[in-house]
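Biologist: Thanks for sitting down with me over this one. Could you pull up the chain so that we can go through it together?

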Amino acid sequence: MAEDSAGAQALIEKLGVDIDAELLERALTHRSYAYEHGGIPHNERLEFLGDSVLGIAVTVMLFTTHPDLDEGELAKRRASVVSTVALAEVARAIGLGAHLRLGRGEEQTGGRDKDSILADTMEAVFGATYLSAGAKAAEALVLRLTEPLLADPERYGAAMDPKTSLQELAARLGRTPPEYTVESSGPDHNRVFTATVTVGELASTGQGTSKKTAEMAAALTAWRELSLRVTESGAA
């Protein structure tokens, strides 16, 4: 489904940066859509550029604002923010999935909410911003969108190792240990894994291109939901 001008403008307003319309359209174009429409340009080159923009913006910010942290802790915090799961969370916060241009197969298998596609597209948007508005504007966008993640210290551990974090939280609350089930769908060259984790009555799902990434996505969702319940109930 092609992105119309009204939808593009709405996304630009959410981003708060004036991005070239053609570059934004390319950033939102998944390779599956490109292949179905005569091999038009897709977002993978912009994703490559945006990955570097993301990395330098987060690295410089952490280095300058946390002079007390050693290299290992800085690397841990950076990894938690630039991970696929974290970037997908950023993308969902701005409703990026609604603007994606996907092929029929991805559309039918829930591509608009796949962590991998959302994260890659978010990086492509950073790349498009860099080319349209320059390095400072692109890095400012990265920091503005990732600020909620950086502002939550507990989330570093959860994003880096969500399965362990969920297991520890469940044990602390006296809940049953997390149990995982995984299903897969799609052709061998484009397999999609969907994991479900249950902790007592709580059940959360996540998707990924491997069993491991799907379980991690499910675990992080469960950790967030369980943490929220604890906060709302005032439990220890």
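Biologist: How many nonpolar, polar and charged residues does the lining of the largest pocket have?
Modeller: Keep in mind that this is a predicted model. The lining of the largest pocket comprises 16 residues. Sorted by class, they come to five charged, three nonpolar and eight polar.

Biologist: Nice. Which helix gives the largest share of the lining of the largest pocket?
Modeller: Two helices, H3 (31-36) and H7 (104-108), each contribute at least two residues to that lining. Among the residues nearest the centre of the pocket are Ser32 and Glu106. The largest share, four residues, is supplied by H3.

Biologist: And what volume does the largest pocket have?
Modeller: Rolling a probe the size of a water molecule over the atoms reveals where space is left empty. Pro187, His189 and Asn190 are also among the lining residues nearest the centre of the largest pocket. Its volume is about 270 Å³.

Biologist: Let's turn to the sheet. Which strands stand at the edges?
Modeller: The sheet is open, with three strands in the order E1-E2-E3 and antiparallel pairing. Two of the strands have a single partner strand each, so one side of each has no neighbour in the sheet. From one strand to the next, the twist averages 20°. The edge strands are E1 (179-185) and E3 (202-208).

Biologist: Which residue in E3 is the bridge partner of Val197?
Modeller: Strands of a sheet pair through backbone hydrogen bonds, in a parallel or antiparallel way. Strand E2 covers residues 192-199 and runs antiparallel to E3, with seven bridges joining the two. For Val197, the bridge partner in E3 is Ser204.

Biologist: Is Val17 buried or exposed?
Modeller: Val17 sits in the loop between helix H1 (5-15) and helix H2 (21-27). Across space, its C-alpha is 7.4 Å from that of Thr129, although the two are 112 residues apart in sequence. The cut-off for a buried residue is under 20% relative accessible area. Val17 has 11% relative accessibility, so it counts as buried.

Biologist: One last thing, about the chain as a whole. What radius of gyration does the chain have?
Modeller: The chain has 12 helices and three strands, and 43% of its 236 residues are buried. Its C-alpha trace spans about 55 × 45 × 30 Å along the principal axes. A compact globule with 236 residues would have a radius of gyration near 18 Å, and the chain agrees with that, at 18 Å.

Note on methods: Residues are numbered from 1 along each chain as its sequence is written. This is a predicted model: local features need pLDDT of at least 70, side-chain atom pairs count only at pLDDT 80 or more; totals for chains, interfaces and linings use all residues. Side-chain values use heavy atoms; hydrogens and water are left out. Two strands pair if DSSP finds at least two bridges between them. Axes are lines fitted to C-alpha atoms, for helices over the stretch in contact, and angles run from 0 to 180 degrees between N-to-C directions. On a 1 Å grid over the protein atoms alone, a cavity is a set of points where a 1.4 Å probe fits but cannot get out, and a pocket is an open set with protein on both sides within 12 Å along at least five of seven lines; lining residues have an atom within 4 Å of a point. Grid points are joined across faces, edges and corners, and a volume is the space filled by probe spheres set on the points. Ala, Val, Leu, Ile, Met, Phe, Trp, Tyr, Cys and Pro count as nonpolar, Asp, Glu, Lys and Arg as charged, and the others, Gly among them, as polar. The radius of gyration is taken over C-alpha atoms; the globule rule is 2.2 Å times the number of residues to the power 0.38. Buried means under 20% relative accessible area, exposed over 50%, partly exposed in between (1.4 Å probe, protein chains only).
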